[in-house]
Amino acid sequence: MPEIAQPHPLRNAATSPGRMRASTVLWVTLAVFAQESVWNFYDAQVPAELRQYLTSAGLVGLIMGMDNLLGVLIQPWMGFVSDRRARDGRGRWAIVLTGAALASIPFALIPWTGDLPTLMLCIVAFAATANAFKGVTETLVSDYLSPAHRGKAQGFVKAGVSLTIVVSALISLLVVDRSITLAFALPPVLMLVLLTTSWVFLGRRHSTAVTEAKEEDEPTGLSSPWAVVKDMVRDPSRARALLMLGIFCFAGMWSALRALMTPYGTETLGLSRGAAGGLALPGAIAFLMCVVPLAYASSRLGQIRAIRYGVGLFVVGLLIGFASPTVPGTVVALVVTSIGYAAFAVNALVALWDLAPSRHVVGTYTGLYTVASSTGAALGPALLGFTVDMTGWRFMLLDGALFAAITFAVFTRLARRVTPAA
């Protein structure tokens, strides 16, 4: 595992004892899968709902990014609250289950809206409640698994997340064109059933799991999310801040690609709405096949370097899609970009956890990861969308490749500060 030059080395997790319990990984993965099944369908089909009232791709992208701004405001504080609950033995599950139940209602009502203001009300209500538990669910990985196994476990978790893209694509292909109301009802029902199942098998032993995974560190005196941010900014190495910038950039371009791919498929490739929504299916399968091997390979290659190579592959994929504006060419492009994104997805959050000064603030650091990724995701679709307004849908993938090249430059600079662990 790589180490950042002083003063914050990435700790070599391989020195931690114990085995990675398959059952624990399974139930944690199921919990993350449950919430992401809703978000992936949201990203695939809400833009098409907005296109019924808006003609500007930029405005659609801007609205799709607005939910991420709520994540920036909500998730660090909810992560801090969940850290306090984890420390006193109550665990994070009450936040997860309550948030999921509340978020399901406005999500299911989206296709029932008959005007833009009502649609926006449902979008904002869903985004606010879903963001309240999204980062908390992801932090469960650090509660139930020791640092030695978080990276590998994250590979399995991300494999589970990729299956949600498959589920979303299948609902788009099989249900959307027949019944849009049924299509929007399926993901929240699935989320509630799977989260409840995960809690039954995992949640009741939360305090024991946290005790078993406890690292040899002490409370840092970081009494609020703002104190954690100040500690990060004052870090002389700037490693965490630079990693946050890279997360911001890559999340922005990935979110833009996801948010605008369905209208790209209808406008450029001439596909139906359901077929365009299904374009993500081959990429999701590729992600699923490679994410676990990438998790193991990254422990040898180094997390930051693995991300850098992934960004480079992402750029190549976008260029392939631009050079071949056909359904086969776009599918190949999405497969390549999905593999590139997998290298980022499996490593970025774990690297940030490893840089945290104490395990007592990992929930807050998950929230800060969301600040970087959600801010990027909020601005990325709008930025790429307004660029499409100027250049046309035909040039969307080329525009994305140019923006992604900036991300590559950020991780290239960070990789130069990474030295192999001794």
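The exercises below, each with a worked solution, concern a predicted model of a protein chain.

**Exercise 1. The chain as a whole**

Describe the helices and strands of the chain, how much of the chain is buried, and what supplies its exposed area.

Solution. Begin with the secondary structure, where the chain has 15 helices and two strands. Next, turn to burial: of the 422 residues in the chain, 59% are buried. Then consider the surface, since the chain exposes about 16300 Å², and carbon and sulfur atoms supply 67% of that area. Finally, look at the contacts with a sequence separation of 6 or more, of which 84% are accounted for by residues 24 or more positions apart.

**Exercise 2. Two helices in contact**

Work out how helix H3 and helix H6 are oriented to each other, and state which classes of residue make their contact.

Solution. Two packed helices are described by the angle between their axes and the distance between the axes. Helix H3 covers residues 93-109 and helix H6 covers residues 180-202, and their axes come within 9 Å and cross at roughly 170°. Angles over 145 degrees count as roughly antiparallel, and H3 and H6 are therefore roughly antiparallel to each other. On the side of H3, the contact is made by residues including Trp93, Leu97, Ser104 and Phe107, while H6 contributes, among them, Phe184, Pro187, Met191 and Trp199. Sorted by class, the contact of H3 with H6 has 15 nonpolar residues, three polar residues and no charged residues.

**Exercise 3. Two residues of helix H14**

Locate serine 373 and valine 371, decide whether serine 373 is buried or exposed, and find what each of the two residues touches.

Solution. The helix that holds serine 373 is H14, which spans residues 362-391, and valine 371 is also found in H14. The relative accessible area of serine 373 is 14%, and the cut-off for a buried residue is under 20%, so serine 373 is buried. If residues up to four places away in sequence are not counted, serine 373 touches Ile247 and Ala251. With neighbours within four places left aside in the same manner, valine 371 is in contact with Val72 and Pro76. Valine 371 and leucine 69 are 302 residues apart along the chain, yet their C-alpha atoms are separated by 8.2 Å.

**Exercise 4. Arginine 308 and tyrosine 296**

Classify arginine 308 and tyrosine 296 by their relative accessibility, and give for each a residue from a distant part of the sequence together with the C-alpha separation.

Solution. Arginine 308 has its place in helix H12, residues 303-323, and with a relative accessibility of 22% it counts as partly exposed. Along the sequence, arginine 308 and leucine 414 are 106 residues apart, while in space their C-alpha atoms are 9.0 Å apart. Leaving aside neighbours within four places in sequence, arginine 308 is in contact with Phe408, Phe411, Thr412 and Ala415. Tyrosine 296 lies in helix H11, residues 280-301, and its relative accessibility of 37% makes it partly exposed. Its partner for the comparison is glycine 155, which is 141 residues apart from tyrosine 296 in sequence and 7.9 Å apart in space, C-alpha to C-alpha.

**Exercise 5. Aromatic rings**

State how many aromatic pairs the structure holds, and name the residues that ring pairs link into a cluster.

Solution. First take the total, which is 17 aromatic pairs in the structure. Then follow the links from ring to ring, which join Phe250, Trp254, Phe287, Phe314, Tyr341, Phe344 and Phe411 into a cluster. One of these cluster residues, Phe411, has already appeared in Exercise 4 as a contact of arginine 308.

Methods: Residues numbered from 1 in each chain as written. Predicted model: local features only at pLDDT ≥ 70, side-chain atom pairs only at ≥ 80, totals over all residues. Heavy atoms only, no water. Axes fitted to C-alpha atoms, helices over the stretch in contact; angles between N-to-C directions. Helix = DSSP H or I, 4+ residues; strand = E, 2+ residues; numbered from the N terminus. Parallel < 35°, antiparallel > 145°, perpendicular 65-115°, else oblique. Contact = heavy atoms within 4.5 Å. Nonpolar A, V, L, I, M, F, W, Y, C, P; charged D, E, K, R; others polar. Buried < 20%, exposed > 50% of the residue type's maximum accessible area, 1.4 Å probe, protein only. Areas by Shrake-Rupley, 256 points an atom, 1.4 Å probe, with all protein chains shown as cover. Phe/Tyr/Trp six-rings, centres within 6.5 Å; stacked < 30°, edge-to-face > 60°.
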